[in-house]
Amino acid sequence: MLVQDRSLPKPTSKPHQLFLNNHFLQPKTFVFPKWLSFNLFKIATISVLAFTIAALFFLYTNNDSPTTFLCFNSKSHSKIPTPIELPRINFNSIPPISDKSSNFASFTSDRWIVVSVSDPPSDSLRKLVRIKGWQVLAIGNSKTPLDWSLKGAIYLSMEDQAKLEFRILEYLPYDSHLRKSVGYLFAIQHGAKMIFDGDDRGEVVDGDLGKHFDLKLSKASVMQERILQYSDENPNRTVVNPYVHFGQRSVWPRGLPLENVGEIGHEEFYGEVFGGMQYIQQGISNGLPDVDSVFYLTRRSGSEALDIKFDEHAPKVALPQGMMVPLNSFNTLFHSNAFWALMLPVSVSTMASDVLRGYWAQRLLWEIGGHVVVYPPTVHRYDNVEAYPFTEEKDFHVNVGRLIKFLVSWRSGKVKLFDRILELSFLMAKEGFWTEKDVSFTAAWLEDLLAVGYVQPRLKAIKLDQLRPTTIGHADRKEFVPQKLPSVHLAVKESETVNYEIGNLIRWRKFFGNVVVIMFVSGPVERAALEWKLLYGRVFKTVVILSDTTKADLAVEQATLDQVYKYLPKIFDRFAGAEGFLFLRDNTILNYWNLLQADKTKLWITDKVMQTTSTTPGLLNKQ
């Protein structure tokens, strides 16, 4: 076929004249404009496709743009994590926020009880409302009944909270008690001078918070009172179990590092500190105290509810600067100088939030010269016999020991408290204790505090590095011997034999304190690792957990059972100073008390076999 010029008239010849005699087509003559016009759509389609592929490849390999984040968020950020930045805030130019929307805009009170509610009003909450001189503030969440109401309580639903214009709202989960942070700000906005952080299943003993806590810190009698204080002569002791002081040696609070659970001896002596600076006051709870899931799951007998009693006559006890104690969010009184410490972190699990808050707050409290004081039983909480979410506590079981060391060693050169608070939150995110979300949340929290009229406390010129170690003179040493009250020990009640049981525990520790337990776990290690460390860790030097799979965050090391003998020498070298080693599997419980009469020098200790054998000359070269 011949390509004709469009300018020429159409041919009049017959169709057969277009063919040669041999019936083959003649060669085409290529004309580019004609070809381009016929294939323009195909060319455009192929070009767009090629450009798209090239663009995707470019975005995949260059992840600095927002588009890259949208397309390859998980993959690109796992390779190059985004650095955490310290927010820059001018705390001197925060505009005020006033309550213009709630039905209580003009209401004020200087004493508030803040609780989170997910269920209809409980009997315990109805009793809280009847406490004279205190205003109950109930904070709802997405699980709260829509018709929630209680006479005498101020209730803030999700809708009410959204109208308050607080910056922190965008960071709070919808279905969590962590929304109490809104309640703290609301109370401060409405004249709070003290806030009792409580919950809806705790009943205040005798219905009077003033009977148990120190409410008027500026009162002369309070400022002149001498409060027992833990001795700080040992600079390596940075955390204590306050339950020992109040008569329960075998119970420990949620948030206490498990390596400290075995410290059950009472104080040889105490120091003293003047009152008036106890800005955070932690109460003890009878019935179901603040315990972790490890205690709850191993100490509760069947379906029987825990009902533990503490010594109500034991004196309150203060923590010196440099020493910490676990704090919670359901039985703690905050004075206005410590309102900044009410912030509940949002990037960690709900069961770990108040634990991390407590340690973070105590460290910052030293910057203003404040103290934490622990008080005898103030609340009775009822055990509902419900499963404790172990996975919710993983954040603090794994990291709390490291966190305490980090906080005690932290120093800041900032000249204002809020700048130091923001700096510490930033550094905690860099260390992995929480995420960048809590850095932004801290910034929003501090801005909201200023917006509702809070004035940040002044720093105290205290040189923390010169506080410890100190020596308490004999004349200033105060003695107090705690009672030994009935409790539970591995689901066995301790009654009149408690002295004998505690004595045994101390005796076992002396005998096995330099022996290492090596435990091979065949099943899931998530829960088993901590339980076995708890069971044997109070008696033995340490517990090494082996499993088919490694789990670094729980200190579980990898080894196969049939070849575990190859791994044991590494453990022997690691604990070269140990007197011996015991190897167990997780399907075995060792009655270690039956080994008290054993002669450890005659036990076959694997790592010492080479010290008791000899080589016979002439045998080494034989095949």
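**Exercise 1. Locate Asp206 and describe its backbone and its exposure.**

Solution. Start with the place: Asp206 sits in the loop between strand 5 (202-204) and helix 7 (220-223); helices (H or I, at least four residues) and strands (E, at least two) are DSSP runs, numbered from the N terminus. This is a predicted model, in which local features need pLDDT of at least 70 and side-chain atom pairs count only at pLDDT 80 or more, while totals for chains, interfaces and linings use all residues. Residues are numbered from 1 along each chain as its sequence is written, and side-chain values use heavy atoms, with hydrogens and water left out.

Next, the backbone: phi of Asp206 is near 65°, a positive value in a residue other than glycine. Last, the surface: Asp206 has 55% relative accessibility and therefore counts as exposed. The classes are buried for under 20% relative accessible area, exposed for over 50%, and partly exposed in between (1.4 Å probe, protein chains only).

**Exercise 2. Do the equivalent for Glu165.**

Solution. Glu165 belongs to the loop between helix 5 (158-162) and helix 6 (180-189). Its phi is positive, about 65°, although Glu165 is not a glycine. With 58% relative accessibility, Glu165 counts as exposed.

**Exercise 3. Work out which residues Arg167 bridges to, and what those bridges join.**

Solution. Step one is the criterion: a salt bridge is a side-chain nitrogen of Lys or Arg within 4 Å of a carboxyl oxygen of Asp or Glu. Searching the whole structure gives 19 salt bridges.

Step two takes Glu447: the closest N and O atoms of Arg167 and Glu447 are 3.9 Å apart. This pair links distant parts of the chain, with Arg167 in the loop between helix 5 and helix 6 and Glu447 in helix 13 (residues 436-451), 280 residues apart.

Step three takes Asp448: its side chain meets that of Arg167 in a salt bridge of 3.0 Å, N to O. Here too distant parts of the chain are linked, as Asp448 in helix 13 and Arg167 are 281 residues apart.

Step four adds the burial. Arg167 counts as partly exposed at 25% relative accessibility, Glu447 as buried at 18%, and Asp448 as buried at 0%.

**Exercise 4. Analyse the salt bridge between Asp214 and Lys316.**

Solution. The two side chains, of Asp214 and Lys316, come to 2.7 Å, N to O. Asp214 lies in the loop between strand 5 and helix 7 and Lys316 in the loop between helix 9 (293-299) and strand 9 (317-318), so the pair ties together parts that are 102 residues apart in sequence. Asp214 is buried at 12% relative accessibility, and Lys316 is buried with a relative accessible area of 14%. To close the previous exercise, salt bridges that share partners join Arg167, Glu447 and Asp448 into one network.

**Exercise 5. Check the length of helix 10 and say how enclosed it is.**

Solution. The expected span is 1.5 Å times one less than the number of residues. For the 16 residues of helix 10 (residues 350-365) this gives 22 Å, and the end C-alpha atoms are 23 Å apart, which agrees. Of those 16 residues, 14 are buried, so helix 10 is largely enclosed by the rest of the structure.

**Exercise 6. Characterise the largest pocket and its lining.**

Solution. First, the method. On a 1 Å grid over the protein atoms alone, a cavity is a set of points where a 1.4 Å probe fits but cannot get out, and a pocket is an open set with protein on both sides within 12 Å along at least five of seven lines; lining residues have an atom within 4 Å of a point. Grid points are joined across faces, edges and corners, and a volume is the space filled by probe spheres set on the points.

Now the result: the largest pocket holds about 1000 Å³ of space. Its lining has 34 residues, with His177, Asp199, Arg201, Arg381 and Glu386 nearest the centre. Helix 10 gives the most to this lining, with three residues. By type, the lining divides into nine nonpolar, eleven polar and 14 charged residues; Ala, Val, Leu, Ile, Met, Phe, Trp, Tyr, Cys and Pro count as nonpolar, Asp, Glu, Lys and Arg as charged, and the others, Gly among them, as polar.
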